[in-house]
Amino acid sequence: MSDKANAAENMAAEDWAGEMGERWLRNLDRFESMIAPVGEALLRRADYQPGQSVLDIGCGGGASARAIAAQVGAAGRVLGVDISPHLVVECERRAHAADIANVHFVAADAAAVKLPAGSYDRLHSRFGSMFFPEPAAAFRNLAGLVRSGGRADFAVWAPAKDNPWVGSMMGILRDYIELPKPEPHAPGPFALDDPNYFASLLRQAGFISLEFALWQGAQPIGGAGSTPESACDFVLNSMNFGDMLAEQPATVRAAVEARLLALFRGQHTPRGVEMQALAWLVSARRG
Ligand SMILES: C[S@@+](CC[C@H](N)C(=O)[O-])C[C@H]1O[C@@H](n2cnc3c(N)ncnc32)[C@H](O)[C@@H]1O
């Protein structure tokens, strides 16, 4: 350990409409495979029924929206909303290729998207609702799109410090780089990690009957079937983790890479590099 440097200036804000969206798209299959276990748990919990209308917030490459479209059937409909126009083009391409007629996509900021009031039975979001700069207004807008008695289902990350996959990787980084103290509730993957805070946002927005369930399970870093080397490449080149190292000397980057490889070798299974992850699965009803 040595060469500590302040990485605050390297921590890029998350620009999902631009670079972040394009990066998610470039690595779409690996990202979607990595978070598939949480997505499956969220879908099981949401239990969509034929004929329902569903809005998927921050739909990414559309995997959840396509799965929901199959569950709600021809009498149902799904609209995926994402702020990244590049991702929306890919969503449309994939839905068309799979010949799915009851799913559509729109490129828009979900915080302000205008759709007919109360026109959806259900709201869904796998890790797409943590990036709003003004979350109170955003959740108010979203609540307005769900009919009274309709339901919302969200997956959001539990705190980084309790999440072994993030905690161990960040622990390595902290041995070399001084990381700024995270600002509570700042837009980003952990913005909604505090159930009290998230519950207050949802209640203010008009949701009732809130239920928080902690999901815990193995997550394949870099997607199913990853090797220690491919997981390391994914973390360094596709996740924010790599950005924090970008300006560091080659010695620091090499040291972090060696530590990550050692970590991943210890977690390598026949299914990939699996690390434990924790997420909140949150459901609520529109009052
Ligand atoms: C972590 S990714 C999750 C993608 C997808 N839900 C999935 O599970 O595969 C977050 C997604 O939220 C989208 N996003 C971020 N802020 C948004 C906003 N204000 N409105 C709509 N989408 C947004 C991003 O473009 C990105 O596709």
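Let's start in the middle of the fold: the buried residues of helix α6 are covered by elements that include β2 (53-57), β5 (120-126), β6 (146-157), α8 (195-205), β8 (207-220) and β10 (272-286). Keep in mind that this model is predicted.

Which residues of α6 (135-144) are buried? They are P135, A138, F139, L142 and A143. These residues lie on the same side of α6, because they cover an arc of only 135° around the axis. An α-helix has 3.6 residues a turn, so residues three or four places apart point the same way.

Helix α1 (19-26) can be read in a similar way. Its buried residues pack against α2 (28-34), α5 (85-97) and α9 (228-238). The table puts the two helices side by side.

| Helix | Buried residues | Arc around the axis |
|---|---|---|
| α1 (19-26) | G21, R23 and W24 | 160° |
| α6 (135-144) | P135, A138, F139, L142 and A143 | 135° |

Now for the ligand. Around the ligand are 25 residues, of which W16, G58, G60, A110 and R126 come nearest. Helix α1 appears again here: along with α4 (63-72) and β3 (77-82), α1 gives two or more residues to the shell. By class, this shell has 13 nonpolar, eight polar and four charged residues.

Finally, the whole chain. It has 11 helices and 10 strands. Its radius of gyration is 19 Å, close to the 19 Å that the globule rule gives for 287 residues, so the chain is as compact as a globular protein of that length. The C-alpha trace spans about 60 × 40 × 30 Å along its principal axes, and 43% of the 287 residues count as buried.

How values were computed:
Residues are numbered from 1 along each chain as its sequence is written. This is a predicted model: local features need pLDDT of at least 70, side-chain atom pairs count only at pLDDT 80 or more; totals for chains, interfaces and linings use all residues. A residue is buried if 20 or more other C-beta atoms lie within 10 Å of its own, exposed if 12 or fewer, and partly exposed in between; C-beta atoms are placed from the backbone. Helices (H or I, at least four residues) and strands (E, at least two) are DSSP runs, numbered from the N terminus. The arc is that of the directions from the helix axis to the C-beta atoms. Two residues are in contact if their C-beta atoms, placed from the backbone, lie within 7 Å. A residue is near a molecule or strand if its C-beta atom, placed from the backbone, lies within 6 Å of it. Ala, Val, Leu, Ile, Met, Phe, Trp, Tyr, Cys and Pro count as nonpolar, Asp, Glu, Lys and Arg as charged, and the others, Gly among them, as polar. The radius of gyration is taken over C-alpha atoms; the globule rule is 2.2 Å times the number of residues to the power 0.38.
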